[in-house]
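Please walk me through this protein structure, starting with its overall make-up and ending with one of its pockets.

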Amino acid sequence: DMGDSFGTKLGQWMLRPITGIPILILVLFLIYQTIGVFVAQIIVGFTENIIMGHYYYNFIITIMTKFLTETSFIGQLLIGEYGILTMAPIYLFGLLLPLVAGFYLVLSVMEDSGYLPRLATLVDRSLTGLGLNGRAIIPIILGFGCVTMATITTRILGSKRERFIATMLLGLAIPCSAQLGVIVGLIAPLGIDLLFLYILVITVVFVLTGTILNRIMPGESSDLLIDLSPMRMPLIGNVLQKTCLKSIMFIKEAGPLFVLGAAIITIFQHIGMLESIADFFAPITVGFLKLPKEILSYRRLGLKFLTNLFRGCLI
């Protein structure tokens with residue numbers, strides 16, 4: 001009875017702004033530490049650089065070089081810099097899969113505990129003016145860890161209109177963990193005033209972008225219709241089952257896209273299109289921004305294309 005009473009009170013506290021917002025801040029901090037720090041840095045560092053980037057890469061190169069050369073077109077297509085058997089699985093299984101599995105694990109815990117519907121209810125009114133509902137808080141939170149992963153989670157939103165708005169907000173106003181590291185390093189020597197100015201600027205961009213898109217895009221966003229189940233301890237079996245099933249679904253959806261993207265990038269590189277794109281933007285990168293041409297490297301162009309292809313298919 002005491003446990004039930006505390007769970008009922010905790011659920012009520014989560015819905016009231018005066019107590020729900022501090023609880024939200026604590027939950028956001030824990031999510032960021034779990035996904036943005038532990039998974040994105042420690043786990044991904046091991047899976048991407050060691051398991052896939054070292055052991056898998058050396059294994060597949062050793063096997064495939066017995067049958068073909070890396071300099072040939074087929075070699076580039078299969079085991080080149082953007083190869084179907086090299087970059088695609090390393091990027092998919094080494095980088096994204098741990099992030100996606102980590103997200104679904106956290107999301108399953110929030111669902112089974114009963115906190116997720118209360119979180120969505122708490123922020124629903126604030127996001128309505130941006131063309132979204134309370135469910136959009138999840139990709140927004142995760143965008144501070146990895147924007148690509150956050151784009152994946154926009155699938156929980158109810159309409160293509162909402163997914164488009166959320167993806168635009170993620171791309172324009174939400175810095176990922178890598179960007180945050182660079183931003184903090186640049187702003188830290190300049191003082192706290194510029195840090196607050198930066199926060200103000202991205203907040204204004206976030207609000208204006210959402211407001212404008214909400215007004216100009218046809219259609220209406222869906223209302224938040226949600227069942228507030230009782231607060232309870234999540235069952236480990238349910239959490240792991242949901243995480244595994246959704247991670248497998250991600251692999252089935254994303255796998256063919258990464259293979260397609262790797263093939264297209266290799267063809268672009270082979271015919272010189274990536275170099276032409278870098279040359280095309282040289283007046284901006286070199287002339288206007290005063291940056292070296294190498295800042296727009298071919299690898300960045302290829303990975304950016306692959307990432308945008310994946311995001312576009314998700315929307």
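**Overall make-up**

Of the 315 residues in the protein, 42% are buried. The model is a predicted one. A residue is called buried here if its relative accessible area is under 20%. As for secondary structure, the protein has 14 helices and 0 strands. Reading along the sequence therefore gives one α after another, in the pattern α-α-α-α-α-α-α-α-α-α-α-α-α-α.

**How α4 packs against two other helices**

Helix α4 covers residues 87-113. Two of its contacts can be taken in turn, one with α11 and one with α2.

Begin with α11, which covers residues 236-270. The axes of α4 and α11 come within 8 Å, and they cross at roughly 150 degrees. Angles over 145 degrees count as roughly antiparallel, so α4 is roughly antiparallel to α11. The crossing of these two helices, α4 and α11, is right-handed. Sorted by class, the residues in the contact of α4 with α11 are 21 nonpolar, 5 polar and 4 charged.

Now take α2, which covers residues 17-64. The axes of α2 and α4 are 8 Å apart, and the two helices pack at an angle of about 150 degrees. By the cut-off already given, that makes α2 roughly antiparallel to α4. The crossing of α2 and α4 is right-handed. In the contact of α2 with α4 there are 18 nonpolar, 5 polar and 1 charged residues.

**The second largest pocket**

Helix α2 also takes part in the lining of a pocket, the second largest in the model. This pocket has a volume of about 650 Å³. It is lined by 20 residues, and those closest to its centre are Leu28, Ile137, Ile140, Phe144 and Ile174.

Which helices each supply at least two residues of this lining? They are α2, α5 (115-128), α6 (137-143) and α10 (192-216). The largest share comes from α10, with 5 residues.

What classes of residue make up the lining of the second largest pocket? There are 18 nonpolar and 2 polar residues in the lining, and no charged ones. The contacts described earlier do include charged residues: 4 where α4 meets α11, and 1 where α2 meets α4.

Definitions and conventions. Residues are numbered from 1 along each chain as its sequence is written. This is a predicted model: local features need pLDDT of at least 70, side-chain atom pairs count only at pLDDT 80 or more; totals for chains, interfaces and linings use all residues. Side-chain values use heavy atoms; hydrogens and water are left out. Axes are lines fitted to C-alpha atoms, for helices over the stretch in contact, and angles run from 0 to 180 degrees between N-to-C directions. Helices (H or I, at least four residues) and strands (E, at least two) are DSSP runs, numbered from the N terminus. Angles under 35 degrees count as roughly parallel, over 145 as roughly antiparallel, 65 to 115 as roughly perpendicular and the rest as oblique. A crossing is left-handed if the near helix is turned anticlockwise from the far one by less than a right angle, and right-handed if clockwise. Ala, Val, Leu, Ile, Met, Phe, Trp, Tyr, Cys and Pro count as nonpolar, Asp, Glu, Lys and Arg as charged, and the others, Gly among them, as polar. On a 1 Å grid over the protein atoms alone, a cavity is a set of points where a 1.4 Å probe fits but cannot get out, and a pocket is an open set with protein on both sides within 12 Å along at least five of seven lines; lining residues have an atom within 4 Å of a point. Grid points are joined across faces, edges and corners, and a volume is the space filled by probe spheres set on the points. Buried means under 20% relative accessible area, exposed over 50%, partly exposed in between (1.4 Å probe, protein chains only).
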